[in-house]
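Reader: I should be grateful for a close account of a single strand and its surroundings, with the criteria behind each term stated.

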Amino acid sequence: MLSSRLSCLLLNWFLALTVLQAFTNFVVAFLLTGVAFLLIQVYRIPAIPSETLRSRFQQTTGSGKTKDKQNIILHRAGVYDSPENTLEGVKLAYECGVGGVEVDLEFTADGVGVLFHDSTLDRTTDGSGPICHLNYEEVRKLDAASKHACRSKTGPMQIPCLEECIQECLKLDLTLYIDCKSQPEKTAELLGTLFKKYPALYNKAIVCSFYPQVIYSVRRKDPSIVTGLTHRRKVLSTVSEGVLRNKELWKKIVSPVLDVLLEWSLYSWVWYLCGNSYFLMHKDNLSRHNLNFWTSLGIQVIPWTVNDPREKELFTQSFNCPIITDGMETE
């Protein structure tokens, strides 16, 4: 009997074959889709078995953590309650009793992986310009709390490197979600090294990204690393709902088409090629239908960013999903 994953892949191969037949003859369409199917089979990275995942990520409710709070993951280590992507945020997450934190990975000019969301420093720090133009020592001199509402109470905070965050999360027994932004090969090299240095990460960390090439590079480097694809609809054409990403006319025309192709790829074969275990989906895109789709493939869905209390209850109680949120008390 075919597995759910292989059945889904075969179904999408048949659909692609049917579509291609509209533009060419059956033989050509069959050869093109057949070659694509074989290439995916040859280069795919097998997913980590569900039984292995369950044993590796057994949730506990010790250290003051309730079962409900175990399903809470603080976005950027808690955007509302502390400056984002800081060690102070990680510590506060532990004090709140949540199950994990999500942080963002960027690189400095000298190749150090640091916790930072944007490509530029302006929004959250007292610096300006691209973070990749400064070396690590220069980045450490910046104040990561300078633009946050709690700055007067907390004082200045440093931008931590990823390794510091890993050490803190392992010490506090927090599951770490590492959102990788760019540079697939450098990301894979760094994470491969850190996972080998801290073997407990295999049971306490999930690597995620909007970019399939990043995930594929990480799992090619180390197939034992647990990964997840992140997605929201229209991600290539809009920054957020109603806000266009591109200014050039040709990009405005092409990007919606690429959005459709990207979403089709994610749902049809990219998850199989990369061997993902998680799918991080924008909360507005999550329905019972696509939840059942991913669950049937053995893939855990995590909606983001869930701040409304009613949505928190819906996703954690009715959908039985962990959620990513900006803070414990959000609306």
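Author: The account below begins with the strand β9 and then turns to salt bridges, a buried cysteine and a surface patch.

This is a predicted model, in which local features need pLDDT of at least 70 and side-chain atom pairs count only at pLDDT 80 or more, while totals for chains, interfaces and linings use all residues. Residues are numbered from 1 along each chain as its sequence is written, and side-chain values use heavy atoms, with hydrogens and water left out.

Strand β9 spans residues 278-282; helices (H or I, at least four residues) and strands (E, at least two) are DSSP runs, numbered from the N terminus. Because 5 of the 5 residues of β9 are buried, the strand is largely enclosed by the rest of the structure. Here buried means under 20% relative accessible area, exposed over 50%, and partly exposed in between (1.4 Å probe, protein chains only). In a regular strand the side chains alternate between the two faces of the sheet. In β9, Tyr278, Leu280 and His282 point one way, Phe279 and Met281 point the other way, and all are buried.

Two strands are taken to pair if DSSP finds at least two bridges between them. Strand β6 (residues 227-231) runs parallel to β9 and is joined to it by 4 bridges; Leu280 of β9 is the bridge partner of Thr230. Strand β10 (residues 300-304) also pairs with β9 in the parallel sense, over 5 bridges, and Pro303 in β10 is the bridge partner of Met281. From β9 the chain passes through helix α12 (residues 288-296) to reach β10, a β-α-β crossover that is right-handed. That term applies if, with the strands pointing away from the viewer, the path from the first strand over the helix to the second runs clockwise.

A salt bridge is a side-chain nitrogen of Lys or Arg within 4 Å of a carboxyl oxygen of Asp or Glu, and by this rule the count comes to 19. One of them joins Asp284 and Lys283, at 2.8 Å from N to O. Asp284 counts as exposed at 53% relative accessibility, whereas Lys283 counts as buried at 18%.

Another salt bridge links Lys181 with Asp104 at 3.2 Å, N to O. Lys181 lies in the loop between β4 (175-180) and α9 (184-197) and Asp104 in strand β2 (residues 100-107), so the pair ties together parts that are 77 residues apart in sequence. Both Lys181 and Asp104 are buried. Lys221 forms a salt bridge with Glu189, the closest N and O atoms being 3.1 Å apart. Since Lys221 lies in helix α10 (residues 212-221) and Glu189 in helix α9, this pair ties together parts 32 residues apart in sequence. Lys221 is partly exposed at 42% relative accessible area, and Glu189 is partly exposed at 43%.

Cys180 lies in strand β4 and counts as buried at 1% relative accessibility. Leaving aside neighbours within four places in sequence, the residues in contact with Cys180 (heavy atoms within 4.5 Å) include Leu105, Thr187, Leu191 and Cys208.

At the surface, Leu249 in helix α11 (residues 249-274) is exposed, with a relative accessible area of 63%.
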